[in-house]
Amino acid sequence: MPTLLHLDSSADLKNSVSRALTARFATAWTENSTDHLVVRRDLHLDPLPHLPTSALHWAPRLRAPEEVVPAGAEQLQQVLISELLNADVVLIGAPMYNWSMPSTLKAWIDYVHVGGITSSIDKPAQPLAGKPLVVVSTRGAAYGAGAPGEPIDHEIPSIIQSLGTSMGMDVTVVTTQLTLATRLPALHEFAGQAADEMEKAAAAMTDLAQSLGSR
Ligand SMILES: Cc1cc2nc3c(=O)[nH]c(=O)nc-3n(C[C@H](O)[C@H](O)[C@H](O)COP(=O)(O)O)c2cc1C
């Protein structure tokens with residue numbers, strides 16, 4: 001059964017743009033056929049604890065003898081990695097927080113990006129290579145190509161590096177910018193551009209859910 005792993009990390013449970021977009025993707029995914037499944041993990045409502053020990057960043061064979069990992073943390077890591085392995089497509093709602101990602105999403109990456117298990121260190125190990133990942137990044141200001149903010153987008157390059165380059169996932173990024181145009185008077189003039197970007201991102205959700213769901 002084609003399975004979508006759907007993660008959200010926005011701390012806004014009422015007006016979140018990323019939640020609206022990922023929900024649209026998930027709905028279109030299930031509309032592909034009755035056997036299309038969604039596994040949901042809300043990183044804001046059900047936050048992960050920070051890594052209790054840095055040893056979890058390494059496969060057991062790469063840990064130092066004195067490094068001890070609590071059994072519960074090891075089990076949690078295995079559950080999170082299994083969710084990824086069992087998914088056909090992964091979808092992440094990733095708002096920009098302080099030019100980076102929400103700490104809840106970062107905590108999830110810290111659990112699943114593991115040297116020697118999901119990324120290669122001493123021998124080839126990229127079990128997630130080629131798995132489609134759609135990242136929906138919402139941001140209050142503008143960081144697109146050529147914008148003054150482009151060099152200070154520290155969110156998407158970091159996600160592409162860890163989940164794409166290092167773990168081998170096939171990353172598609174959908175951004176919608178200027179989401180603060182209605183809240184902040186200084187950005188009011190960009191409200192039209194923000195609405196256009198939102199419309200395009202919404203259409204991309206449906207298109208991607210249909211194309212990735214029919215492979
Ligand atoms: C804690 C926090 C930090 C933020 N930092 C930034 C930022 O660095 N750059 C930016 O453009 N917008 C920033 N914003 C605005 C959000 O990116 C914007 O509201 C976005 O739409 C949030 O996604 P959501 O609508 O899915 O919740 C921040 C918002 C919050 C709550």
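Is Asn 98 buried or exposed? Asn 98 counts as exposed, at 67% relative accessibility, where exposed means over 50% relative accessible area, buried under 20% and partly exposed in between (1.4 Å probe, protein chains only).

Welcome to this predicted model, in which local features need pLDDT of at least 70, side-chain atom pairs count only at pLDDT 80 or more, and totals for chains, interfaces and linings use all residues. Residues are numbered from 1 along each chain as its sequence is written, and side-chain values use heavy atoms, leaving out hydrogens and water.

Asn 98 also has a positive phi, near 50°, though it is not a glycine. Most residues other than glycine have a negative phi. Leu 178 likewise has a positive phi, of about 60°. Unlike exposed Asn 98, Leu 178 is buried, with a relative accessible area of 4%.

Now to the ligand. Of the 17 residues around the ligand (a heavy atom within 4 Å), Ser 10, Ser 16, Ser 18, Met 96 and Thr 179 come nearest. Three polar contacts (pairs of N or O atoms within 3.5 Å) each involve an oxygen atom of the ligand:

| Residue | Protein atom | Distance to a ligand oxygen |
|---|---|---|
| Ser 18 | side-chain N or O | 2.5 Å |
| Gly 140 | backbone N or O | 3.2 Å |
| Ala 141 | polar backbone atom | 2.9 Å |

The protein covers 75% of the 630 Å² of accessible area that the ligand has on its own (Shrake-Rupley method, 1.4 Å probe).

Key: Polar contact = N/O pair within 3.5 Å; in protein donor to acceptor, adjacent residues only side chain to side chain.
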